[in-house]
Amino acid sequence: MFVLFEETGKFLAGRILSESDASLQVELDSGKRVKVKAANALLKFEKPAPADLVAAGQKLSADIELDLAWEFASEEEFGFADLARDYFSSDASKPASLEQQAAALFRLFESPHYFRRAGKGRFKKAPAEILQQALVAIEKKKQVAAQITAWAEELAQGQCPGPVREQLYKILFKPDKNSPEYKAVVEASRHTHIAPLDLLQKAGAIASPYQFHWKRFLFENFPRGTAFPALQAPEIKDDLPLADVKAFSIDDSATTEIDDALSVQGLGSGTVTLGIHIAAPGLAVLPGSAIDAVGRARLSTVYMPGYKLTMLPDEIVKTYTLLEGRNCPALSLYLTLDEATFEIRASATRLEQVPIISNLRHDKLDSVFTEAFFEAAQASPPVDVQWGVELSFLHRLARHLKAQREVVRGKPENFNRPDYNFRLDNPSGQEPQGDETVSISTRQRGAPLDLIVAEAMILANSTWGQWLAEHGVPGIYRSQASLAPGVKVRMGTKALPHAGIGVKSYAWSTSPLRRYTDLVNQWQIIACARHGRTAALVAPFKPKDAELFSIISGFDAAYSAYNGFQAGIERYWTLKYLEQNGITELTATAFKDNLVRADDLPLVLPALGAQGLPRGAKVRVKLGAIDEITLDISGTVTERLDAVAEESAEAMERELEEEDAEADLAAGPISIALDVDEPAADSAPALAAAD
């Protein structure tokens, strides 16, 4: 005696070895023995053989017309044998054959849109309106499946269907895995055995490597586009006094968001007043306003070679930027110093209009205001150079402030590596296309003008950070508990020490046109300047304000994403520079594992033959192929150029953290969310023959 039974969505058949009221012991054709619940046993028979019955039933089930079967079926609950009799038998009093019963069972089971299951071997026909909806859905699914196949064939032939092109970045990085566009790429990749990214490149879905990186960044960070809403810069209603100073800023020529300027008064008198003047959009742009919403959505300006996405619209920036030739609203910090010892004797914060006399530019003046210039200025004041006297004093002050911070840090700040400037041949200033000619130049970190601005801003950020804390007004701080390995910089609302900078507290406040955190802190500082000791009662943000923590969280994520994009796109232009200049070899320095750092370019890459070399070893590297999509390049060490002495433990510790960050920039395969090895999302339950 044999039995046909259901087990976990499959129909199996085998020989009955033993039977009780509750279960059966069944031997399958494979020899495997299974225990079957009595309720799961659907047909018992003596012949044909189990495998033959299943095969015959499956073949016959394909001939059952579902519409006709649905018409024949009872309105009440029925069994599969009942339907088989009504469908196949001309004599309603005679049962259907075993093969016909098996065929009816299989067909009913696989057609839930026509017949819903009401128990083991029991069914009930679907209502007409439900059936009609199901049939429409099935037809739509067939059409979608056909569309997927057609799109996959186009991709395999090197052509990209429009819908796939439009959904490219969603498919690759945030896919709906049930979408037909996603499934088409997966199907084409499986059929052609070509990796999805390579397949899409060959099909022309990616216009250019540069556009790939740019559009991906926009997709992930600016899904609604980069256009600003129409906004008007509000007027500052405060009656601000005019400061009796002559202020100047120091920035690159491309800088339009001029946040900070400096002034110096009293030189030669023994007592000097240093003015640090910060653009004051916070006097007019208020929390909760439309402009605030824009700033909070972007959180920072995004920088890249040849282009930038500003945090605020150009018209808003132009209203509050510290442009030369006009009196600009500013939040000013005045520090009274002993001219000889640089001791700070007093400080004051004021809201005022500041005359901006000059916007000095690094790229035009770095070659003038050199270390040699300032050394000579100590012997003979440069009275014939505009701002020469003021800058000479500020340079001496900056070196003094840096030395004081280094005492607190417990070790000096070293600028052993240069910064790199990228310039694109892009006269229009519009969004780059990725094929512009690029030039890369170096600027030594800690160059005199850089040092002057950096130390002045550190002084302002630390002074205002402490001032907020003294008034009981919360701010957004950056802190670092120690310089021990692995201790990172954190953002929070408490005035905690920043060991990396060597200050008691540090609140970003000097770039309110470029960073949202600085605008938030400016609102808090303005409250202190206006209300003094009662500022905590009226400041926009109160202690433990959930909004502050939300801003910190959002800023951290955005700032990290923006910096990551800037590093990646600078790597793109570095690789482009190699191509444009035909550079196939370069000198480099080994620094970690098999990685080397180019000596004259901002480039880290893996190099065969660098394994085991001591840190700091100088080598010549032959470059391999460049992949502008993955930003990948590798090399081979062809020559050792020097013998390196062992580095001191202090020097090694000083560079380890920076090198860990650099190692992350050595590009590798791009991580995409498209997986061709995943099983189909909607695979149907199997209908199996005997094992």
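Hi everyone, let me start with one contact: the backbone nitrogen of methionine 311 lies 3.0 Å from a polar atom of the threonine 301 side chain. Before I go on, this is a predicted model, in which local features need pLDDT of at least 70 and side-chain atom pairs count only at pLDDT 80 or more, while totals for chains, interfaces and linings use all residues. Residues are numbered from 1 along each chain as its sequence is written, and side-chain values use heavy atoms, with hydrogens and water left out.

Back to threonine 301. Its side chain also makes a polar contact of 2.7 Å with the side chain of glutamate 257. By polar contact I mean a pair of N or O atoms within 3.5 Å; within protein, one must be able to donate a hydrogen and the other to accept it, and residues adjacent in sequence count only if both atoms are side-chain atoms. Threonine 301 sits in the loop between helix H11 (290–298) and strand S12 (302–304). Helices (H or I, at least four residues) and strands (E, at least two) are DSSP runs, numbered from the N terminus. Is threonine 301 buried or exposed? With 2% relative accessibility, it counts as buried; the cut-offs are under 20% relative accessible area for buried, over 50% for exposed, and partly exposed in between (1.4 Å probe, protein chains only). Leaving aside residues up to four places away in sequence, threonine 301 touches several residues, including Leu513, Arg514 and Tyr562, where contact means heavy atoms within 4.5 Å.

That tyrosine number brings us to helix H19, residues 546–580. Its 35 residues should span 51 Å at 1.5 Å a residue, and the end C-alpha atoms are indeed 51 Å apart; the expected span is 1.5 Å times one less than the number of residues. At the start of H19, a side-chain oxygen of aspartate 545 comes within 2.8 Å of the backbone nitrogen of glutamate 547. After H19 comes glycine 582, with a positive phi near 60 degrees.

Now, what does H19 lie across? It lies across S20, strand S22 (604–608), strand S23 (618–627) and strand S24 (632–640), running at about 100 degrees to S23. Axes here are lines fitted to C-alpha atoms, for helices over the stretch in contact, and angles run from 0 to 180 degrees between N-to-C directions. Five strands close into a barrel in the order S20-S21-S22-S24-S23, with mixed pairing. On average, neighbouring strands of this sheet are turned by 50 degrees against each other, direction ignored. S20 (585–592) and S21 (595–598) pair antiparallel over four bridges; two strands pair if DSSP finds at least two bridges between them. Threonine 589 has arginine 597 in S21 as its bridge partner.

There is also a hairpin to look at. Strand S10 (260–265) has five of its six residues buried, and six bridges join it to the antiparallel strand S11 (271–279). Serine 263 stands opposite glycine 275 in S11. Five residues lie between the two strands, and glycine 266 takes a positive phi near 85 degrees.

Last, some backbone geometry to check on screen. The peptide bond from lysine 47 to proline 48 is cis, with omega near 5 degrees. Histidine 193 has a positive phi near 60 degrees and counts as exposed at 72% relative accessibility. Tryptophan 387 has a positive phi near 65 degrees, but counts as buried at 9%. Thanks, and I'm happy to take questions!
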